[in-house]
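These are my notebook entries on a predicted model. I looked up single residues, helices, ring pairs, charged pairs and the interface in turn.

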Number of protein chains: 2
Amino acid sequence: LKVAIVGVGLIGGSIGLASRLLANAEVRGYDPDEGVRARAVELGAIDAQAGDIATAVDGADVVFVAAPVGALAEAVRLSLAAAGPSCVVSDVGSTKRLLVAAGVDRRFVGGHPLAGAETAGVEHARADLFDGATWYLTPAQERTGESMYERLSSLLRRFGASPTAIDADTHDRLMARVSHLPHVLANLLVSQAASMLHGDESQRIPAFGPSFRDATRVAGANSAIWTDIYISNKDALIDAIDAFAAGLQEMRCWLVERQAAEVTAWNEQARANREKLLNIGLLGGAGGEAVLELRVLVPNHPGVVAAIALALGHAGVNIADMALSPSADDHQGVIALWVRGEQHAKRAVELIAGLGFSVVRA
Amino acid sequence: LKVAIVGVGLIGGSIGLASRLLANAEVRGYDPDEGVRARAVELGAIDAQAGDIATAVDGADVVFVAAPVGALAEAVRLSLAAAGPSCVVSDVGSTKRLLVAAGVDRRFVGGHPLAGAETAGVEHARADLFDGATWYLTPAQERTGESMYERLSSLLRRFGASPTAIDADTHDRLMARVSHLPHVLANLLVSQAASMLHGDESQRIPAFGPSFRDATRVAGANSAIWTDIYISNKDALIDAIDAFAAGLQEMRCWLVERQAAEVTAWNEQARANREKLLNIGLLGGAGGEAVLELRVLVPNHPGVVAAIALALGHAGVNIADMALSPSADDHQGVIALWVRGEQHAKRAVELIAGLGFSVVRA
């Protein structure tokens, strides 16, 4: 199998490694940055480098375009122009509608692996980056040849990924609501909180609570990636913003009218929805048994997290999620732990209480 | 010192324990629930129970009203009616403006300890619940007697808390932006994401990313507490919603016009603001050295968190925060770690790499 990669960064480099090591493919790569190309060869991410897209793509069975979102459409166009009649061309962009709409070529299948968004650079490429990851594919049903789709998806399965067909519109609406909008909200939250700090007033402000910290972890994510993502998915993101703004206005009306019953019903609905998302596995983990939350009050010094994690690890209790909330002066803090299933939750409570910490089910 | 407590739940019970054990006070308590009163005596949270507010308050030097927000105003009124001329009456409600506005009595000082919001019930009361916590006080400057304020704040210092004077208006605006609004956003996010799941479509949806999960941890928080909080702080929360909605509209306009430069500038501003909040300690920990983020790719099985936390703990590297993101099939995941200071970050990278895990600075 001959694979071509256009853009050899973290994702492209990892596709190269996976193609070579897990699928025994021959990999040729192009990157506009000559140093990156050389580095990719050194690291074994590609067998050979090419000086332009046409040379990289020539004779390939599968082409992955892993260029930044802003350069994607042009790189896909050049790849299709150079690709043979039975070659399948895919991309790894995080929004899909525009490309699919533009991609009138039956050899093109849009793709989006849900992996690796947090780092960048071929130095961090790994053959197992996609192990266990969902890899969305957006075939244009009437046009995409079955053999092409199958060649691509069976290669992705060799990477350990789960190729999942989805229509581009649903994909983009989903990403807008579960990824792009939360990033927008995080940015707005930090900037509005920061606007409250004038001079020495910040001296009297203690650490913000866990709800604020958790909601703003992704604030100010890498602009080189995110500006392109926001703008390339602007239609779906605008829809998500409009729906969200309408929800805010509804809450505002209830507040103005002091409608406690409506606020409670809305809050209970949110609780039910969060439990539903947890239980079908959409908030992390494999689904199945419910994820249960424990809260532990602990002294905030080195080794406490270790002691708890070690006790649970020894007993085979997997920690699905963990969040630490130190108090303002670092004297003590609360560890929130999520474990899967009633049996593990009970065992975790016993083990943590056995270490002498106060622990409650949330 | 004679302390009276009106409402003996988690907070009231912890105030009782702290007053008795840390300040050597004599504590009388009232709760509308007779069983709770008896339990509070059993647990040592109060020395004696009273059958009504007037009896509990009679002869007290300091009164804490720890009733639910909705019942607070009336409980404060009854407490002031029964309190002696030099008794100081405080409360623990999470919004302050309405009570201070209503409280024409110079013996009243509003209070809000930032602790214990996550659990409830006198069973979980602890003498050290307030150790290291900020405890906001909202004295009415012209009216509150110095000796009363001093009696209250020195008692709080015996609890290990940091009494911090703030005007009620600033307090409520701050809480609206850093706590109440994030809860509203979390509710809206989960409910809008849940609305995208129709029937078998959810089968094709992988676990949402960490940005969504983190932003929605507090969705559907206890309605018995939160409906009262939202409505009692409605003016400040409406202001926060309006400012937030305006921010959303601004972003919406940039998207419509594809104004990439504006989006990038806004995102960079958010990044700078998050770093500012981290560095002055408002996102947890004691401030000072910058909190730095590491990302570790790990197999997702019991013991991994322990191994990493143990190695860091042994080396004296305190973990300021941690978040786990399992992949969809639980095969592997990413651990995000926050540690304080360049030296600790470097040491953590060495230690984690030494365990054989791939680790990068984010």
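**Entry 1: a serine in chain A.** In which helix of chain A is A:Ser147 found? I located A:Ser147 in helix H6, which covers residues 146–158. I then checked its accessibility: A:Ser147 is exposed, at a relative accessible area of 53%, because the cut-off for that class is over 50%. I also took the separation of A:Ser147 from A:Arg37, which is 110 residues in sequence and 31 Å in space, C-alpha to C-alpha.

**Entry 2: helix H7 of chain B.** I compared expected and actual span for this helix, residues 168–194. Its 27 residues, at 1.5 Å a residue, should span 39 Å, and the end C-alpha atoms lie 37 Å apart, which agrees. I noted a kink of about 45 degrees in H7(B), with B:Ala176 at its centre. As for cover, 24 of the 27 residues of H7(B) are buried.

**Entry 3: aromatic pairs.** I recorded a count of 16 aromatic pairs over all chains. Why is the pair of B:Trp226 and B:Tyr230 classed as tilted? The ring centres are 5.5 Å apart and the planes stand at 50 degrees, so the pair falls between the limits of 30 degrees for stacked and 60 for edge-to-face. B:Trp226 and B:Tyr230 share helix H9 (residues 223–232) of chain B, where they are four residues apart, about one turn of the helix. In general, an α-helix has 3.6 residues a turn, so residues three or four places apart point the same way. I found both B:Trp226 and B:Tyr230 to be buried. In chain A, I noted one aromatic cluster formed by A:Phe64, A:Phe130, A:Trp135 and A:Phe159.

**Entry 4: salt bridges within chain A.** The count over all chains comes to 34 salt bridges. I looked up A:Asp172 and A:Arg97, whose side chains meet in one of them at 3.9 Å, N to O. A:Asp172 lies in helix H7 (residues 168–194) of chain A and A:Arg97 in helix H5 (residues 97–102), so the pair ties together parts that are 75 residues apart in sequence. A:Asp172 counts as buried at 1% relative accessibility, whereas A:Arg97 counts as partly exposed at 25%. I found A:Arg97 and A:Asp172 again in a network of salt bridges that also links A:Asp169 and A:Arg173.

I next took A:Arg157 and A:Glu150, which form a salt bridge with their closest N and O atoms 3.1 Å apart. A:Arg157 is partly exposed at 45%, and A:Glu150 is partly exposed at 41%.

**Entry 5: the interface of chains A and B.** How many residues does each chain bring to the contact? I recorded 129 residues from chain A and 129 residues from chain B. The two chains bury about 11,900 Å² between them, with 64% of it on carbon and sulfur atoms. B:Met196, B:Arg217 and B:Leu282 supply 6% of the area that chain B buries against chain A, more than any other three residues.

I counted four salt bridges between the chains. B:Arg217 meets A:Asp214 in a salt bridge at 3.0 Å, N to O. A:Arg252 and B:Asp242 also meet in a salt bridge, at 2.7 Å, N to O. A:Arg252 lies in helix H10 (residues 234–256) of chain A and B:Asp242 in helix H10 (residues 234–256) of chain B, so the pair joins two chains. I noted A:Arg252 as partly exposed at 23% relative accessibility and B:Asp242 as partly exposed at 31%.

Methods:
Residues are numbered from 1 along each chain as its sequence is written. Chains are lettered from A and ligands numbered from 1 in the order in which they are written. This is a predicted model: local features need pLDDT of at least 70, side-chain atom pairs count only at pLDDT 80 or more; totals for chains, interfaces and linings use all residues. Side-chain values use heavy atoms; hydrogens and water are left out. Rings of Phe, Tyr and Trp (its six-membered ring) pair if their centres lie within 6.5 Å; planes under 30 degrees apart count as stacked, over 60 as edge-to-face and the rest as tilted. Buried means under 20% relative accessible area, exposed over 50%, partly exposed in between (1.4 Å probe, protein chains only). The expected span of a helix is 1.5 Å times one less than its number of residues. The bend at a residue is the angle between axes fitted to the seven residues ending there and the seven starting there. Contact means heavy atoms within 4.5 Å. Buried area is the accessible area (1.4 Å probe) that two parts lose on being put together, summed over both.
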